[in-house]
Every structure is written in C-alpha cells, then in structure tokens.
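Thanks for coming. I will walk through one model today, and you can follow along on the screen.

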Amino acid sequence: MDFNLLVDAVSQNAAFLEQTLSSTIKQDDFTARLFDIHKQVLKEGIAQTVFLGLNRSDYMFQRSADGSPALKQIEINTISASFGGLASRTPAVHRHVLSVLSKTKEAGKILSNNPSKGLALGIAKAWELYGSPNALVLLIAQEKERNIFDQRAIENELLARNIHVIRRTFEDISEKGSLDQDRRLFVDGQEIAVVYFRDGYMPRQYSLQNWEARLLLERSHAAKCPDIATQLAGTKKVQQELSRPGMLEMLLPGQPEAVARLRATFAGLYSLDVGEEGDQAIAEALAAPSRFVLKPQREGGGNNLYGEEMVQALKQLKDSEERASYILMEKIEPEPFENCLLRPGSPARVVQCISELGIFGVYVRQEKTLVMNKHVGHLLRTKAIEHADGGVAAGVAVLDNPYPV
C-alpha cells in the first residue's frame with residue numbers, strides 16, 4: 001500500500017511537517033493545538049515504539065478529455081477512518097436482496113469485503129508487539145456515539161482473538177488516566193497497549209480538559225492510532241504540499257514505481273498561502289468556480305465549500321492571512337449513473353448518482369521496521385448528484401457495494 005508508506009514517511013519527518021504547516025498553524029487554532037502537542041512529545045522524547053496506522057484513502061473516477069475514467073484521490077483519513085465495520089456487512093445485505101428477487105447470478109457478483117477483520121488484525125499486531133499479554137486496547141469514544149455498531153464490529157473481531165477493548169471518553173482519561181515512571185499508560189488501574197481514536201478529529205470535540213487528556217495519551221508508551229504526527233500527516237495542507245514536484249521523491253527515496261502510482265491519483269491541489277502563487281489560485285477559482293473546491297483543515301464531512309459559497313468565501317479571504325488555513329482543490333467530476341437510494345424518511349426512487357470509493361489500509365511499524373503493510377477492504381458510498389457535500393453521517397450518502405461488470 002503506497003499511501004501507507006507515504007503517511008508513515010510523513011509522520012516520521014518532523015522537519016517536513018513543521019515547514020508544511022508553518023503558515024497554517026498561524027491561522028488555524030485547531031491545527032496549531034495539535035502541532036503544539038507534537039512539539040511537546042518530540043521535546044520530551046517519543047515513548048512509544050510501536051506505531052499503528054488504520055487509514056482510508058478516498059477516490060472518485062474523474063472523466064478525462066477522451067472519456068476514459070481515471071481514479072483521483074479526494075483525501076486520506078488518518079484518524080477515526082470509519083465504516084470499516086458496516087462495510088463488512090453490506091455485501092450480505094445486497095446479496096440477500098438480489099436473492100429474494102431470484103437474481104442469484106447477480107448476487108454472486110457482489111464482492112466479498114471484510115475491512116473490520118483487517119483493521120482488527122492491525123490493532124492485534126500492535127497489541128502483540130507491545131508485549132504485555134494482560135494489557136488492553138483503549139477505544140477513545142464520543143460520549144454520544146451514533147456510529148457505535150461500526151466500532152463494535154472491530155471490537156468483536158478483537159474479542160475473538162481474546163484481546164479486550166475498553167471504551168472511554170477524553171473526560172474519563174483526564175480523571176482516571178495516568179502514566180508510570182516508564183510512561184506506561186494506565187486507565188482505571190489497567191495497562192493500555194493500544195489507543196484507538198474514534199474521537200478527537202474536530203475542534204468541538206476538545207475542551208481544555210480533553211486537550212490535556214490527549215497530551216497524556218500522546219506522551220505514553222502505548223501505540224496510538226493515530227499518533228499525533230500521523231494525524232497531522234492527514235491534514236489537507238500536507239495533501240496539497242505532497243503534490244508539489246519532488247516531494248514524493250524526497251519522502252520515498254529509491255521507490256520510483258510507488259511515486260508514479262501515487263502521483264497518478266493526485267488531482268490539482270493549490271496553496272492559498274499569501275503570495276503570488278496563492279493569488280493566482282484564487283483568481284483562477286473566482287474565474288471558474290465550478291472547477292474547484294475550497295477545503296479547510298477539517299475532518300468529519302460537510303466542511304467543504306463549492307460554487308457560490310466558495311466564491312463568497314474567497315472574496316472575503318483573498319486579502320486576509322486566514323486564507324492560509326485553506327487549500328484549493330480541482331473538483332473531481334465522475335460520470336453520473338442511475339441508482340435507487342434507500343434512506344430513512346425518503347421514498348425509494350431512481351435518481352442520478354455518483355459514488356466515492358474508499359480503500360482501507362493498515363500498517364504497523366516497530367521502531368524503524370515496517371512489520372505490516374496491507375490493503376484490508378473497501379468502502380463505497382453513493383449519493384444523488386444534487387448534493388455537493390456531505391456523507392453518510394449527514395444523511396446524504398448511503399453505504400453501497402461495487403458491482404463488477
């Protein structure tokens with residue numbers, strides 16, 4: 001998995017992260033707070049020796065000038081990459097529906113898919129390498145978690161391996177978490193081998209108490225998924241900088257084939273830092289707004305700006321240093337198709353749709369040695385073309401399955 005290698009390389013390159021995010025952290029408080037923790041951990045010395053990445057790289061098929069499709073990356077998710085559990089269940093749903101309709105041949109074409117098993121395999125490997133058989137996996141959960149069944153699928157896979165998971169919030173860690181003299185992490189008196197974040201990717205998820213809890217976790221010897229550097233590696237600004245000539249070669253020396261494969265998936269990505277380059281990008285977007293998307297340094301969906309909203313935002317930002325907290329991206333234009341979306345509260349009807357394909361990747365590194373790097377499944381989300389932004393959690397997209405033809 002090329003993107004696993006790239007994310008891992010970025011996370012280990014402190015100079016690249018500092019240079020890349022230098023303008024962003026001056027304008028975006030959330031990224032700045034994450035970067036402050038990163039600097040504190042580096043200053044004290046990184047305690048963890050096992051590093052775990054559970055990533056999801058999202059793509060759409062771009063229509064090229066000659067009509068042929070090309071897979072282009074939208075983003076890579078390095079924290080709380082969701083729907084691996086639910087995506088493991090959707091093949092059975094569609095096979096069942098097709099079988100009920102006596103379409104057994106079509107049902108047999110639905111691809112097998114079990115990301116939850118592969119994601120759990122990565123956590124299990126990190127737990128094993130930690131080297132304490134009585135230690136637990138700590139899942140950092142939101143207090144009111146809507147997506148709990150997606151998470152439970154991974155927890156159940158771990159339990160089948162006799163690896164126990166405890167669910168706690170940041171507030172719980174603040175009150176009951178501690179480090180011993182070797183910086184081993186304990187919660188409620190139980191040693192923690194792996195910390196799996198399913199919270200902590202949006203500003204509203206952090207109070208002052210939560211920031212203190214995040215720092216405690218990052219200082220610990222436990223394997224974090226992700227550690228703070230890997231979360232920073234997944235920011236939009238890093239994605240944009242990786243598209244610059246020579247960056248991939250610098251981060252992945254001696255791997256020209258991987259570099260070529262990665263670069264082939266890049267859409268146009270443009271810096272909005274103050275200066276001639278940023279001015280030109282803004283001018284191009286204002287002249288042809290339908291060709292671009294404005295992206296802030298945010299995860300969780302529903303944050304991007306399109307069309308007239310983007311135009312108004314760029315007009316407000318163009319003379320402000322705040323623009324450095326955004327990037328501009330070429331808008332990917334997939335070929336629409338007809339499908340029937342089943343959503344609560346909406347009648348089932350055939351509409352024009354587009355799909356987004358996510359590829360789950362897992363890697364585990366011990367010290368400097370990569371001990372696991374694999375693709376573990378996929379996620380397909382489909383939505384009506386009338387919705388520019390928003391995903392499954394926003395009630396816009398639905399979980400789907402690829403159908404080979």
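Phe-30, Phe-170, Phe-197, Tyr-206 and Trp-211 make up one aromatic cluster. This is a predicted model, so please hear everything that follows in that light. The count of aromatic pairs comes to eight. Take Phe-30 and Trp-211: their ring centres are 5.9 Å apart and the planes meet at 50°, so this pair is tilted. Phe-30 belongs to helix α4, residues 29-44, and Trp-211 to helix α11, residues 208-219, so that the pair links parts of the chain 181 residues apart. Phe-30 has a relative accessible area of 6% and is buried. Trp-211 is buried too, at 10%.

Another pair in the cluster is Phe-170 with Phe-197. Here the ring centres lie 6.2 Å apart with the planes at 35°, and that makes the pair tilted. Phe-170 is in helix α10, residues 170-176, while Phe-197 is in strand β7, residues 190-197; 27 residues separate the two. Both Phe-170 and Phe-197 are buried.

Next, the nonpolar cores. In soluble globular proteins, nonpolar side chains tend to be buried together. The largest core in this model has 52 residues, and Leu-6, Val-10, Leu-138, Val-195 and Leu-217 have the most contacts inside it. Apart from that core lies another one, of 30 residues, including Trp-127, Ala-223, Val-362 and Val-376. What is Val-195 in contact with, leaving aside its neighbours within four places in sequence? The list is Leu-138, Ile-140, Leu-185, Leu-217, Ala-222, Ala-223, Lys-224 and Cys-225.

Cys-225 from that list leads to the backbone. A cis peptide bond joins Cys-225 to Pro-226, with omega about 0°. Most residues other than glycine have a negative phi, and most peptide bonds are trans. Pro-226 sits in the loop between β8, residues 223-225, and α12, residues 228-233. Cys-225 itself counts as buried, at 2% relative accessibility.

Two residues other than glycine have a positive phi that I want to point out. One is Phe-83, with phi near 75°. Phe-83 lies in the loop between β2 and α5, the latter being residues 84-87, and Phe-83 is buried at 9% relative accessibility. The other is Glu-367, with phi near 55°. Glu-367 is in the loop between β13, residues 349-366, and β14, residues 369-384. At 47% relative accessibility, Glu-367 counts as partly exposed.

While we are on cysteines: how many disulfides does a search of the whole structure find? Zero. Cys-353 serves as an example. The closest cysteine sulfur to that of Cys-353 belongs to Cys-340, at 8.6 Å, which is too far for a bond. Cys-353 is buried, with 0% relative accessibility.

Now the annotated positions. An unreviewed UniProt entry lists Glu-75, Asn-77 and Glu-299 under "binding site". These positions are spread over 225 residues of sequence but cluster in space, the largest C-alpha distance being 9.9 Å. From this set, Asn-77 and Glu-299 are part of the lining of the largest cavity.

Glu-75 is in strand β2, residues 69-77. Is Glu-75 buried or exposed? Glu-75 counts as buried, because its relative accessibility is 16% and the cut-off for buried is under 20%. Not counting residues up to four places away in sequence, Glu-75 touches Arg-56, Ser-57, Asp-58, Lys-236, Gln-239 and Glu-299. Asn-77 is also placed in strand β2, and Asn-77 is buried at 9%. With neighbours within four places in sequence left aside, Asn-77 is in contact with Leu-54, Asn-55, Arg-56, Asp-58 and Glu-299.

The unreviewed UniProt entry also places "domain: Glutathione synthase substrate-binding" at residues 136-233. That span is 39% helix and 27% strand, and its end C-alpha atoms lie 26 Å apart.

One last residue is Ala-14, found in helix α2, residues 14-21. Ala-14 is partly exposed, with a relative accessible area of 31%. Beyond its neighbours within four places in sequence, Ala-14 is in contact with His-38 and Leu-42. The C-alpha atom of Ala-14 is separated by 25 Å from that of Gly-278, which lies 264 residues away along the chain.

Key
Residues numbered from 1 in each chain as written. Predicted model: local features only at pLDDT ≥ 70, side-chain atom pairs only at ≥ 80, totals over all residues. Heavy atoms only, no water. Core = buried A, V, L, I, M, F, W, Y, C linked by side-chain atoms within 4.5 Å. Buried < 20%, exposed > 50% of the residue type's maximum accessible area, 1.4 Å probe, protein only. Contact = heavy atoms within 4.5 Å. UniProt positions renumbered as here; feature names shortened; annotations may be inferred. 1 Å grid on protein atoms, 1.4 Å probe; cavity = no way out; pocket = protein on both sides within 12 Å on 5 of 7 lines; lining within 4 Å. Helix = DSSP H or I, 4+ residues; strand = E, 2+ residues; numbered from the N terminus. Disulfide = S-S within 2.5 Å. Phe/Tyr/Trp six-rings, centres within 6.5 Å; stacked < 30°, edge-to-face > 60°.
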